[in-house]
Amino acid sequence: MRLVAVAAAVALFAAAAPALASDRHPTQGELERELVCPTCHTTLDESDAPIARQMKAEIRRRIAQGATKSQIEQELVDEFGPSVLGVPRKHGFDLLAWALPLGGVGVAAAGLAFGAWRWSRARDVGDTVSQAPSAAPLDPELDRRVDEELARFDA
Amino acid sequence: MRLLRLLAVAVVVALLGLLVWDMAQADGSKVAKKVDQGQVVAAPKLVLPYHDRDGSFDLAAQRGKVVVVNFWASWCQGCKKEAGALNAAARYWRDKGVVFLGVDVNDFRSAASRFVDRHDVAYTIVRDGPGSTLGKWGVTGLPETFFVDRKGRVVPPHVLAAATREQLDEGIRRARRS
């Protein structure tokens with residue numbers, strides 16, 4: 001149990017470390033890929049619009065000053081609104097943008113599972129019903145007539 | 001099972017509502033189109049923070065005055081070209097019941113401040129960093145200028161490029177007559 005906890009902690013650290021490093025020492029390229037030009041609505045790395053050029057210069061200046069990725073993003077959000085973020089943030093109201101699709105997939109999966117369960121249950125019941133007559137004993141009179149018919153057929 | 005059906009119907013209704021809301025938002029683009037066709041239309045809501053001080057400018061509070069609404073940004077070449085004409089017109093019409101409003105869109109605040117200082121802008125500037133008003137007014141490029149009459153209606157003409165002094169005076173006169 002202790003081994004599992006240690007492994008989980010190591011895995012968490014391994015996943016979080018690059019993100020923390022990226023936040024403390026962002027690169028021009030990653031910010032340009034993740035931020036959107038407010039006039040042409042493409043990412044900065046694909047835009048040559050005047051405001052995109054100004055934003056790139058501002059990012060370069062702030063990186064040189066040692067600003068973190070989240071600081072730079074927040075400053076640009078303050079200037080141009082949250083639509084400059086290529087991907088929504090994972091806290092506050094923006095979390096809905098992540099939660100709703102995932103929730104939708106979860107609900108759809110649950111619906112599919114429920115449907116499959118109902119379908120397989122209905123099939124089992126159907127099989128039981130269809131097997132029931134053959135398992136039940138035949139009426140003696142009917143049994144006698146079947147024997148007679150078979151004997152006549154054999155003759 | 002009935003609950004699932006109700007849920008599905010609710011989701012479809014919500015999506016339809018979202019679609020209608022989105023179309024209603026986009027409907028604002030008809031303001032510029034209608035004005036270009038010679039029509040007079042109610043001015044879209046415009047409440048934005050001042051560029052250089054606390055508080056907000058509300059276009060609706062300007063009823064009884066003609067308002068010249070100019071959309072601009074410091075990086076726009078046409079905006080630099082028309083700055084002189086706008087300033088001269090703003091100074092001339094200032095005491096005649098005409099308000100000039102510059103809506104700075106998709107711009108850095110610091111760059112806008114430099115523009116305002118360099119061109120000695122003599123009228124009110126408000127900030128719309130995200131450009132949220134552009135769709136409502138139907139602005140497709142910068143600069144663009146609209147004229148709002150005393151009743152709060154946008155009247156022709158709608159200037160789609162750097163405005164000249166003559167265009168500004170003509171627009172103001174038509175708005176005053178409206």
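Visitor: How many residues does each chain bring to the contact between chain A and chain B?

Guide: Two residues are in contact if their C-beta atoms, placed from the backbone, lie within 7 Å. Here nine residues come from chain A and nine residues from chain B. This is a predicted model, in which local features need pLDDT of at least 70 and side-chain atom pairs count only at pLDDT 80 or more, while totals for chains, interfaces and linings use all residues. Residues are numbered from 1 along each chain as its sequence is written, and chains are lettered from A in the order in which they are written.

Visitor: Which helices of chain A each supply at least two residues of the side that touches chain B?

Guide: Helices (H or I, at least four residues) and strands (E, at least two) are DSSP runs, numbered from the N terminus. On chain A, they are H3 (50–64) and H4 (69–80); H3(A) gives the most, with three residues.

Visitor: Which residues have the most contacts inside the largest nonpolar core?

Guide: A nonpolar core is a set of buried Ala, Val, Leu, Ile, Met, Phe, Trp, Tyr and Cys residues joined through C-beta atoms within 7 Å, where buried means that 20 or more other C-beta atoms lie within 10 Å of the residue's own, placed from the backbone. The largest has 57 residues, and Val68(B), Leu101(B), Phe147(B) and Val148(B) have the most contacts inside it. Strand S4 (residues 66–72) of chain B gives the most to this core, with six residues.

Visitor: What does Leu101(B) touch, not counting residues up to four places away in sequence?

Guide: Among its partners beyond that span are Phe57(B), Val68(B), Asn70(B) and Tyr123(B).

Definitions and conventions: Buried ≥ 20, exposed ≤ 12 C-beta atoms within 10 Å, placed from the backbone.
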